[in-house]
Amino acid sequence: MNAKRILSLMLMLGMLVAFGAGCAKKTADSMPAGATKVEISDKDTDWQKPAAPESRSLTEDEIRAQQRELAQRELGNMIFFAFDSFELTPESRNVLTSKAETLKKYSLFNIVIEGHCDERGTSEYNLALGERRAKASQQFLNQLGITNERMTIVSYGKERPLDPGHTEEAWSKNRRDEFKIQN
Amino acid sequence: MKLKIWILTLLLVLASGESVRAAETLSVDIFGPGQTRVNILVLPARGVGGQAASAVARSFGEYVQGDIGFLPFLRLAYLTEVLGGDPSKGLKSDEIDFKPLQLSRIDLVMTIGGSGANIEARVYETFTRKLLVGKAYSQVDQSGVPRVADRFCAQLMRVLTGKSGFFDSTLAFSKKVSGGKELFTASALGRDLHQVTHDGGFNVSPSWSKDGRQLAYTNISDLGHRLGIWDRGSRVSRLRRFPGNIAISPTFTPDGQIAISLSLNGHPDIYLLNSDFKASQPLAPSWAISVSPSFDLSGRKMVFCSGRLGGPQIFMLDRNSGAVNRVTYDGTYNTRPSLSPDGRFVVFARLTDGGHRIFIRDLVVNQERQITFGPGSDEDPSFDPDGYFVSFASSRNGGTKIYVTTRYGDPARLIPTGPGDAMAPAWGVATALD
């Protein structure tokens, strides 16, 4: 995001330099608010110098953070289960297949697969069931080429419901696997 | 709470020659077929020498009556049931007119005397006029009254039934705190509430060692499942990771080992850990989920929950023969069993149309009976050390709280545990923390 913004600012600045102050005024007038104006006048004098170190820092931590965010967004889709079941539905398999692609694309990242259950089951059995649910996803992803070393399993049983309600609608949301970037 | 009282317990061998010989007097068989209920009348507290009773003595009387309310084999009678009102002029048998009590079918009568920080309490059997329990307590301050009342009632229960596990136990349970769950302990009446763990994450499934010195539990966090052991002596807990993804339902065996569900072979099986926390061969292994082991006092019988035949059901392992027998056949979802110390009864949670309910199965006569009735969900049943009371967690009044009933399904009583959801009660034979 930042890189794009800086790039567009650079282009705008280039235009300013080429057309001179008069043109700049004209451009500013045609823009919606004073914000653009302020930005231009602020960066006008020593634009090139601070821009360079910013783009260098992006190649390190920020790019990784960006990638992490993108990967998490792509992995954010949860998959859902029937009551007392850890069977993957065809829809879940599709979701997992795209997750496998994401994990191949972002090979730097490992994930935690969280298994969750609804409140209808009892606590200890649900902890075991949650593990089976997470494991079902892990095995499927493993078959698609993701090594088990990149996947950690945590079963929360019914301790962390997504929806605190007591209806089938809430329960069906809570019987799920969540996928989170670990590192 | 540090109580600064010295409880001097004195058997009052009274000048009139009364003797405490409970064996020859009234006793209550709490395990007999069909419970008998004994009527007990607690007379208003008296002062010494015609003076008004002290505040401590009056408070003691109120706490005793509250405690008696937890004992389904006793029924609190009211003074209005007695012809002519209070039939006593003093605290001792020669100052009590037992006839109106007998006419009103009052079986036991209790007198309470108090001056300053001293309390005297006596329970007489009205038909024989015999003293069943007589105790004196000195230097009791107001904050110590509940504990003194509990001690007296423990003695009364012991004399009447031969058991007192309810009063002598400490409950451990899991309680919601900000961002997770931690373990707390309290007496069976909810007194002396303490938070004992501060691990972060979710601490669930506490189990006491038989000597009451340790608690085993599961800690769940982003790091996965870990076995927690809290030590009463040092007040410190240690967390251990195991290979595989789980460490569910750790349970102490009577000889001090820990049985725990681990997935060492890719599926949850129950293992016994040695003193180095190494797992041996699984108990009653199968390809399916096995969790929630519970042992009898011999440690040779183990009930557990398993999905080996489809949905979760209760099974029993005979560790001598290795035989595994199915215990529950009705219902499609039976979980979280607790075996009575004598190995005869199993309580468990069954999913019904109205939510989970606690059922009890008599393994000798093969009969099953529902002992809790909601509403909401009743889960996590656990036998007390006598095999008479059953604690459980219920959402019957909104949030989840701990209740106690008996194996006969007596009306459930709330055990106060303060604000916040509380669940997974476990009985320990240790006395309350101070």
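**Figure 1. Who sits around F173(B) in this predicted model.** Leaving aside residues up to four places away in sequence, F173(B) touches F184(B), P206(B), I402(B) and T417(B). The list carries on with a run of neighbours: A422(B), M423(B), A424(B), P425(B) and A426(B). F173(B) is also one of the residues with the most contacts inside the largest nonpolar core.

**Figure 2. The largest nonpolar core.** This core holds 135 residues. Along with F173(B), the residues with the most contacts inside it are F60(B), M110(B), I119(B), V303(B) and F304(B). Which element gives the most to the core? That would be helix 3 of chain B (residues 145-161), with 8 residues. As general background, nonpolar side chains in soluble globular proteins tend to be buried together.

**Figure 3. Helix 1 of chain B and what it leans on.** Helix 1 of chain B covers residues 55-68, 14 residues in total. From first C-alpha to last it reaches 20 Å, close to the 20 Å expected at 1.5 Å a residue. Its buried residues are V56(B), A57(B), S59(B), F60(B), G61(B), V64(B), D67(B) and I68(B). F60(B) will look familiar, as it is among the residues with the most contacts inside the largest nonpolar core. So what do the buried residues of helix 1 of chain B pack against? They pack against strand 2 (38-42), strand 3 (74-77), strand 4 (108-115), strand 5 (118-125) and helix 3 of chain B. A handy reminder when you look down any α-helix: there are 3.6 residues a turn, so residues three or four places apart point the same way.

**Figure 4. Where the two domains of chain B meet.** Chain B is split into domain 1 (10-162) and domain 2 (168-428). Taken over C-alpha atoms, the centres of these two domains are 36 Å apart. At the junction, 11 residues of domain 1 of chain B are in contact with 10 residues of domain 2 of chain B. Helix 3 of chain B supplies the largest share of the domain 1 side, 4 residues. By type, that domain 1 side comes to 6 nonpolar, 2 polar and 3 charged residues.

**Figure 5. Chain B, stepping back a little.** Chain B has 4 helices and 30 strands. Its radius of gyration is 24 Å, close to the 22 Å that the globule rule gives for 434 residues, so chain B is as compact as a globular protein of that length. Along the principal axes, the C-alpha atoms of chain B fill a box of roughly 75 × 45 × 40 Å. Buried residues account for 50% of the 434 residues in chain B. Among contacts in chain B between residues at least 6 apart in sequence, 47% link residues at least 24 apart.

**Figure 6. Chain A and its two domains.** Chain A has 6 helices and 4 strands, and along the sequence they run α-α-α-β-α-β-α-β-α-β. Of its 183 residues, 29% count as buried. Residues 24 or more positions apart make up 77% of the contacts in chain A with a separation of 6 or more. Chain A is divided into domain 1 (2-72) and domain 2 (74-181). Between them, 5 residues of domain 1 of chain A are in contact with 7 residues of domain 2 of chain A. The domain 1 side breaks down into 2 nonpolar, 2 polar and 1 charged.

**Figure 7. Helix 5 of chain A and the contact with chain B.** The contact takes 17 residues from chain A and 27 residues from chain B. On the chain A side, the elements that give two or more residues are helix 5 (123-143) and strand 3 (151-157). Helix 5 of chain A gives the most, with 8 residues. The chain A side as a whole divides into 8 nonpolar, 3 polar and 6 charged residues. Is helix 5 of chain A mostly covered or mostly uncovered? Mostly covered: 17 of its 21 residues are buried. At 1.5 Å a residue, those 21 residues should span 30 Å, and the end C-alpha atoms are 30 Å apart, which agrees. Just after helix 5 of chain A, G145(A) takes a positive phi of about 100°.

**Figure 8. C117(A), in the loop ahead of helix 5.** C117(A) lies in the loop between strand 2 (111-116) and helix 5 of chain A. Why does C117(A) count as buried? Because it has 31 C-beta neighbours inside 10 Å, and 20 or more is enough. Not counting residues up to four places away in sequence, C117(A) touches N126(A), L129(A), G130(A), G157(A), K158(A), N174(A) and R175(A). L141(A) is 24 residues from C117(A) along the chain, and their C-alpha atoms are separated by 21 Å.

Definitions and conventions
Residues are numbered from 1 along each chain as its sequence is written. Chains are lettered from A and ligands numbered from 1 in the order in which they are written. This is a predicted model: local features need pLDDT of at least 70, side-chain atom pairs count only at pLDDT 80 or more; totals for chains, interfaces and linings use all residues. Ala, Val, Leu, Ile, Met, Phe, Trp, Tyr, Cys and Pro count as nonpolar, Asp, Glu, Lys and Arg as charged, and the others, Gly among them, as polar. A nonpolar core is a set of buried Ala, Val, Leu, Ile, Met, Phe, Trp, Tyr and Cys residues joined through C-beta atoms within 7 Å. A residue is buried if 20 or more other C-beta atoms lie within 10 Å of its own, exposed if 12 or fewer, and partly exposed in between; C-beta atoms are placed from the backbone. The radius of gyration is taken over C-alpha atoms; the globule rule is 2.2 Å times the number of residues to the power 0.38. Domain bounds come from an automatic or database domain assignment. The expected span of a helix is 1.5 Å times one less than its number of residues.
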